Structures are given as structure tokens and as C-alpha cells.
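Let's walk through a structure together, one feature at a time. Bring your questions, and we'll take each from the general idea to the case on screen.

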Amino acid sequence: MSSLQQGTLNFNKSYSYNFEGGNLSSNAGLIMVRSFTEKLGIRPLLQEAFNDSLDRQHTYAEIIEQLLYSIIAGYSSDNCANSLRHDPVLTRLLGKEVLASQPTISRCINALDENAIEAFNQLLEKLFELGNPRKKTIYSFISSSSISAIIVCIL
């Protein structure tokens, strides 16, 4: 049985966490965020929404995911990107040897257009639907000579 003090993560079973000390990182809290985003399926949603077929080192989906984690970690702008390019926690979470630089992130942001805004809107709608699944109501009517009943089942 695992407890809050020890466990493994959903997105990569080779990662584990405990609170016994050892090598520390100021971004280690992102490991738990990555586990949560894995359950939500953020990465496939980003890849579907921002499907740029160009062969480049950093796709738009990867850059947006990098920005997402950076903002969650408290780095409020892309100016911190150069100092985070080789951060051991972020590079492992994103599965990259080197993260996108500040100029690369700026080019990505400047390239976003109306289609990108629509892709973000669709992404948010999908996330909302994942968190709030539509409920189905099934009505069943039972009738006999002595008993009449209505059974309502909400799925």
C-alpha cells in the first residue's frame, strides 16, 4: 500500500517519490503535476490540437507544454526559458535533452493565429468534457395489473 510519503507515478513507473531527502530540485513538485496531466491526457490533446507537420526540434505542442509547466512552476514569462533549458526535472518530464530557448518560444507565440485560438478553444472544451461527462437518463416503465412504477437511472 502506498501513502503520501512514498509512491510511483502514472506516466512513468520508473519514477518514484519519497520525503527522505536526497537529491533535491526546486522544480520537483512538477513531477506530481505531470502525473496529473498524464491522467487528463494533456499531451495527446496538445499534439492533436497543434499538429504541425514540420520537422523541427521543438513542435508547437511541445513548446506549449513546456510553457504550461513553466507557468505552473512559477516562472511567469518565457524570459526564464534559457535558464531552464537544461533543468533536470523539466527535461525528464518533457522527455527532451534540451528544452526550447526563449527565442524559440517567442517565435512560437508570435506564429499563433486565429486557427491556434480556435485550437485552444477546442482543447479547453475537450478538457471540460473530460471533467464533466454528460449524464444519460434512462427511464424504464413497469406496469402490471397491480403495480405501476417508473425507474429512473442516471448514468
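## Reading the model, feature by feature

Q: Before anything else, how many salt bridges does the structure hold?

A: There are four salt bridges in the structure. Keep in mind that this is a predicted model. The general idea is simple: side chains of opposite charge can pair when their charged atoms come close. Let's take three of the pairs in turn.

Q: Go on, then. Which residue does R34 pair with?

A: R34 pairs with E38, and their closest N and O atoms are 2.6 Å apart. Both sit in helix 1, four residues apart, which means about one helical turn separates them. Check the exposure of each partner as well: R34 is buried, at 6% relative accessible area, while E38 is partly exposed at 36%.

Q: And what does the salt bridge between E65 and R43 tie together?

A: Here the N-to-O distance is 3.1 Å. E65 belongs to helix 3 and R43 to helix 2, so this pair links parts that are 22 residues apart in sequence. E65 is buried, with 5% relative accessibility, and R43 is partly exposed at 23%.

Q: Where do E62 and K96 lie?

A: The side chains of E62 and K96 form a salt bridge at 3.1 Å, N to O. E62 is in helix 3, whereas K96 is in the loop between helix 5 (88–94) and helix 6 (102–111), so the pair connects parts 34 residues apart in sequence. On exposure, E62 is partly exposed with a relative accessible area of 29%. K96 has 18%, and since buried means under 20%, K96 counts as buried.

Q: Okay, let me zoom out. How do the elements of the protein chain run from the N terminus on?

A: They go β-β-α-α-α-α-α-α-α-β-β, for a total of seven helices and four strands. The chain has 155 residues, and 29% of them count as buried. For a feel of how the sequence folds back on itself, look at contacts with a separation of 6 or more: 47% of those are between residues 24 or more positions apart.

Q: Can you show me such separations on the model? How far apart in space are S106 and D78?

A: Their C-alpha atoms are 7.5 Å apart, though these positions lie 28 residues apart in sequence terms. S106 is in helix 6 and is partly exposed, at 21% relative accessibility. Another pair to click on is R92 and I31, with 61 residues of separation along the chain and 9.3 Å between C-alpha atoms. R92 is in helix 5 and is exposed, at 53% relative accessibility.

Q: Now helix sides. Which residues of helix 2 are buried?

A: The trick is to look down the axis and see where the buried residues point. In helix 2 (residues 42–49), the buried ones are I42, L45 and L46. Their arc around the axis is only 100°, so they fall on the same side of helix 2. Among what covers them are helix 1 (30–40), helix 3 (60–72) and helix 7 (114–131).

Q: Let me try helix 6 the same way. Which residues are buried, and which are exposed on the other side?

A: T104, I105 and C108 are the buried residues of helix 6. Again they span an arc of only 100° around the axis, which means they share one side of helix 6. R107 and N110 are exposed on the other side. As for packing partners, the buried residues of helix 6 sit against helix 3 and helix 4 (81–84).

Q: Last one: pockets. Which residues lie nearest the centre of the second largest pocket?

A: First the idea: rolling a probe the size of a water molecule over the atoms shows where empty space is left. The second largest pocket holds about 300 Å³ of space. Of its 17 lining residues, L46, I64, L68, F120 and L123 are nearest its centre. Helix 1, helix 2, helix 3, helix 6 and helix 7 are the elements that each give two or more residues to this lining.

Q: Which helix gives the most to that lining, and what is it made of by class?

A: Helix 3 gives the most, with five residues. By class, the lining has 16 nonpolar residues, one polar and no charged ones.

Terms used
Residues numbered from 1 in each chain as written. Predicted model: local features only at pLDDT ≥ 70, side-chain atom pairs only at ≥ 80, totals over all residues. Heavy atoms only, no water. Buried < 20%, exposed > 50% of the residue type's maximum accessible area, 1.4 Å probe, protein only. Arc of directions from axis to C-beta. Contact = heavy atoms within 4.5 Å. 1 Å grid on protein atoms, 1.4 Å probe; cavity = no way out; pocket = protein on both sides within 12 Å on 5 of 7 lines; lining within 4 Å. Points joined across faces, edges and corners; volume = space filled by probe spheres on them. Nonpolar A, V, L, I, M, F, W, Y, C, P; charged D, E, K, R; others polar.
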